[in-house]
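Me: Could you take a close look at one part of this model for me, the strand pairing, and then walk outward from there? Please spell out the cut-offs as you go.

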Amino acid sequence: MRLLPALISAILALTACSQQAPAPGPAPKPAASTNDTGGSAKGDLGPPQGEPIQATLTDAPAVPPPITRKTPAKVIVDLEIQEIEMPLSQGVSYTFWTFGGKVPGKFIRVRQGDTVEFHLKNHPDNKMPHNIDLHAVTGPGGGATSSFTAPGHASQFTFKALNRGLFVYHCATAPVGMHIANGMYGLILVEPPEGLPKVDREMYVMQGDFYTVGKYREKGLQPFDMQKAIEENATYVLFNGSEGALVDANALKAKVGETIRLFIGNGGPNLVSSFHVIGEIFDKVYTEGGSHPQENVQTTLIPSGGAAYVEFRVEVPGTYILVDHSIFRAFNKGALGMLKVEGADNKALYTGKEVDSVYLGDKAGSLTAVGTAAKAAAKGELTKEEQIAAGAALYQGTCSACHGVAGAGIPGAFPPLAGSDYMKNLKADDLIAIVLNGLQGKITVNGSEFNSIMPPQSQLADDEIADILTYVLNTWGNPGGRITKAQVSSVRSKTPRPPGAAK
């Protein structure tokens, strides 16, 4: 009799199950919609149609033209890795590892749903194996596991661009950080099927941090410093691979009334970018390259290995300054560029001068003379005239804010350098020590008393201090003379820095 309750319960359970609806099968796949900004399941828009297309690739700051076709295609991308020595700053070179011979690598533009056939070549003159990890790839390693390529060899793999957006690509061969730090990164745009809203100009800017054995602007070929990279102590933070890549004659250009779209990447390998354009407000920011914009943004964070694109309209002519607003990176590590806008003034919106050279320092003008002097010095042929020309350019970025563009100083605040009787009575080593270690307290110059502070400028390279002092000594009625790099190096080694000053 004890079995009867259990038997009854089992019969009731089976009866209830028989009355339930059958278990549902797999959900039907949603139809593709060009207006849907959802996940990757909606990016498979069917097989490629038509003949294969060779991708148009561009070097920064250029961007390939928008895609106008309405169907997915097979897109072939050919990219060659080159290890090549190029300028890092004026008179400073570095052996970059590149996707396509430039830093950043080529801009790649495809359409959501495209099938991308990727061909990666490693130039036979290279020393290292490399691969590529595209953040636009859905699959292990983002393509890295399929593209390990030795020098003189080539690899091929295929992926479908499922997610729309702006994505970073980079090398992922061990040691990964070193490959990225040497410049191995770029951007790939996966356009939505309906395309992006039309703008007048599109431009490609990518930030990266570099780690050299020598200090900032120390001349010559600079090796990579692994320990600095591990400690995230960047020597340079740069747009488009070199200091000055977007400055002066290389500045981005636009006209009043135009709409601008900047595709901005951050290769890293370490630092997060606080991207800002001085004098503009971003109308729209597609954060981290995603689908939904934020509006009316002043500064946007771009993570290492991330991207964003920003849109804005330029209403006033002049020079707009691109910076990483972690601001010492802009003025002391190189993360500064320019957007020069031409057109009619609009005084109702803004009155002001074109470029404030005191504010921008040596970034406001050309540093070509610095490179010329560095090349001459490397050959042992540096003349005093070349030093003076280099010093004139560097003076604007280090001394002119206090001592004036013409060396006149600021009455009651900062002493003049022009016709200075104070300088006339100092030996060369004393002048060098003042620049290296700073000066404070009362001094009398040309009959006037000053009681201000000159901070140490020991962050400057030895040749920079030599060039600036040689310029000052030979300008504005000063007595003349010449300071050498060797003299600065000697004084630096013999005099201790004050607390907080660079070594």
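Reply: Let's start with β2 and β5, which pair in the parallel sense over eight bridges. Here two strands count as paired if DSSP finds at least two bridges between them, and the elements are DSSP runs numbered from the N terminus, with helices being H or I of at least four residues and strands E of at least two. Before going on, note that this is a predicted model: local features need pLDDT of at least 70, side-chain atom pairs count only at pLDDT 80 or more, and totals for chains, interfaces and linings use all residues. Residues are numbered from 1 along each chain as its sequence is written, and side-chain values use heavy atoms, with hydrogens and water left out.

Back to the pairing. Valine 75 of β2 stands opposite valine 116 in β5. Valine 75 also stands opposite isoleucine 53, which belongs to β1 (residues 53-54); that strand runs parallel to β2 (residues 74-89), joined by two bridges. β2 has another partner in β3 (residues 92-99), and this pairing is antiparallel, over eight bridges. One of the matched pairs there is proline 87 with serine 93 in β3. β2 and β3 make a hairpin with two residues between them, and glycine 91 in the turn has a positive phi of about 80°.

Now zoom in on threonine 115, which sits in β5 (residues 115-122). Threonine 115 counts as buried because its relative accessibility is 15%, where buried means under 20% relative accessible area, exposed over 50% and partly exposed in between (1.4 Å probe, protein chains only). Leaving out residues up to four places away in sequence, threonine 115 touches Pro48, Ala73, Lys74, Val75, Thr158, Phe159 and Lys160; contact means heavy atoms within 4.5 Å.

Further along the chain there's an open sheet of six strands, in the order β12-β10-β14-β19-β16-β17 and with mixed pairing. β12 (236-239) and β17 (294-297) are at its edges with a single partner strand each, so one side of each has no neighbour in the sheet. Within this sheet, β10 (residues 201-210) and β14 (residues 259-268) run parallel and are joined by eight bridges. Methionine 206 has glycine 265 in β14 as its bridge partner.

Then there are the aromatics. A search of the whole structure turns up 17 aromatic pairs, where rings of Phe, Tyr and Trp (its six-membered ring) pair if their centres lie within 6.5 Å, and planes under 30 degrees apart are stacked, over 60 edge-to-face and the rest tilted. Among them is the stacked pair of phenylalanine 275 and phenylalanine 282, at 6.2 Å centre to centre and 10° between the planes. Phenylalanine 275 is buried, at 0% relative accessibility, and phenylalanine 282 is buried at 0% too. Ring pairs also link Phe107, Tyr204, Phe263, Tyr286 and Tyr309 into a cluster.

As for the whole chain, the secondary structure comes to twelve helices and 23 strands. Of the 503 residues in the chain, 48% are buried. Among contacts with a separation of 6 or more, 69% are between residues 24 or more positions apart.
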